[in-house]
Amino acid sequence: MSVWTVGLLCVLISGWPLPASSGPSEPQVVLKMATVAPKGHAMTRRMDDFNEEVKRATNNQVAFKIYWGGVQGDDSNVFRKIRLGQLHGGFFSGYSLGQIVPEVRVTEIPYLFAGDAEVAYVRDKLEADMFEYFDQKGFVVLGSFVDIGFMYLFFKQPVMTVDDMRKARCWVPGEDTLAQAFYKSMDINPVPLSVNDVMTSVSTNLIDSAGMTPFGAIAFRWYTRFKYMSDVPMLNVVGANIVTKKIWNRISPEHRRIILDIADRYCDRQKEDLRAANHESVKLLKEAGMTILQPDSEAHSQQVRFLMEAGHAARENQVGVLYSRELLNRTLSLVREYRETHGENGGGIDGRIF
C-alpha cells in the first residue's frame with residue numbers, strides 16, 4: 001500500500017441520503033471493490049449512500065460490494081486479487097495508480113504546483129489522456145480523478161535547516177521511484193516501507209520523517225508519533241476509483257452512463273469535502289500538539305531552494321521512467337497557461353519551478 005494511499009480515504013465521500021432501491025432482489029452485476037479505509041470513518045461512511053443511488057438508478061441491477069479496512073490486504077494484494085478475478089477494482093491513489101499507469105504520476109511531481117486551483121486545472125486538461133491510458137491497461141476510471149490534497153513532510157524532531165533535513169530518515173512507500181528520486185537528489189537514502197509500518201518504524205527510530213496530507217495524518221493517527229510539520233506543501237496526491245473493463249462490460253451501456261454520471265457528481269463533492277477536511281485537519285493537528293515549523297526567513301529561503309531543486313531533479317530523473325518528455329513538457333506548459341490566464345506569476349513555492 002502507498003503513502004499516497006490516503007487517497008483511498010478521499011474517494012469515499014458523498015452525501016445523498018436516498019430511499020432503498022426497488023427492483024430485482026439480487027443485483028445482476030456486483031462490483032467487488034477493496035480499500036484500506038476503515039468502515040465507519042467520518043470520511044468513508046457515505047459510500048453506502050453512493051451504492052444505494054447506483055442500485056436505485058439501475059433498478060437494482062448493479063451494486064458495489066466494498067471490503068473495508070484492508071481486509072483484502074494492502075494495494076499489492078488487491079492488485080493480485082484483481083488479476084485473479086477475485087476482486088474487480090478498488091480505491092487507489094498516486095503510487096498505486098502508477099503501478100497501472102505510470103504517467104498519472106506526472107501531476108504528483110514534488111514542489112510543482114502552487115495551489116489547489118492549478119492542480120485541478122492541469123488534471124482536468126490531462127484527464128482524457130489518462131482515461132485512455134487506463135483503458136489501454138484494461139481499467140475504467142469511475143468519475144474523475146480526485147485531488148486528495150497537498151502532502152506535507154512530518155518530522156519526529158524539529159527540522160530548521162538544510163543540514164537538519166539531510167540527516168532525516170525519510171519514509172517512502174515501497175518502490176516508489178518518484179519519491180526515491182526526490183530524496184536521493186537531496187543526498188538522503190529513503191527507507192521503503194508499507195504505510196502500515198510507519199507508526200511502528202517511528203517508534204523504533206527506523207524513520208523519523210514521512211510525507212502525508214493533514215487529513216491523512218489525522219486518519220492514520222500519525223500525530224501521536226510525529227510532532228512537527230513543514231509549512232511548505234510538497235505535492236498534491238491524486239486518487240481514483242477504478243474497475244476492470246471485464247466487469248464493466250458486463251453492465252449495459254445505459255447503466256454504465258448512469259453510473260458514470262453519479263460518479264462524476266460524487267467525485268466533484270469529494271474534491272470540495274477533501275479541501276475542507278485538510279484545512280480543518282491542520283487545526284486539529286495543532287490542537288493535538290503538532291508544531292508547524294517556521295524557520296527564520298533566511299533559513300526558510302534556503303530550505304525552499306533546496307526542496308525546489310530536489311523537485312526539479314526528481315521530475316527530470318523520471319523522464320522515460322514514469323512519463324515521457326512530451327508529457328512532462330505538456331504538464332509544465334499547462335501550469336504556465338493557468339498562471340498566464342489567471343494573472344498569477346508565482347510558481348511552485350517561490351516562483352522558480354521552471
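Buried means under 20% relative accessible area, exposed over 50%, and partly exposed in between, with a 1.4 Å probe and protein chains only. We're working on a predicted model, where local features need pLDDT of at least 70, side-chain atom pairs count only at pLDDT 80 or more, and totals for chains, interfaces and linings use all residues. Residues are numbered from 1 along each chain as its sequence is written, and side-chain values use heavy atoms, with hydrogens and water left out.

**Exercise 1.** Classify the ring pair Tyr111 and Phe182, then place both residues.

*Solution.*
- Start with the rule: Phe, Tyr and Trp rings (six-membered ring for Trp) pair if their centres lie within 6.5 Å; planes under 30 degrees apart are stacked, over 60 edge-to-face, the rest tilted.
- The structure holds 10 aromatic pairs.
- For Tyr111 and Phe182, the centres are 5.8 Å apart and the planes sit at 40°, so call this pair tilted.
- Tyr111 is in the loop between α4 (94-100) and α5 (116-136), while Phe182 is in helix α7 (residues 177-184), so the pair links distant parts of the chain, 71 residues apart. Helices (H or I, at least four residues) and strands (E, at least two) are DSSP runs, numbered from the N terminus.
- Phe182 is buried at 0% relative accessible area, and Tyr111 is buried at 4%.

**Exercise 2.** Is Phe131 buried or partly exposed, and how is its ring oriented against Phe145?

*Solution.*
- Phe131 has 27% relative accessibility, so it's partly exposed.
- Phe145 is buried, at 4%.
- With centres 5.6 Å apart and planes at 45°, the Phe131 and Phe145 rings are tilted.
- Phe131 lies in helix α5 and Phe145 in strand β4 (residues 139-155), so the pair ties together parts 14 residues apart in sequence.
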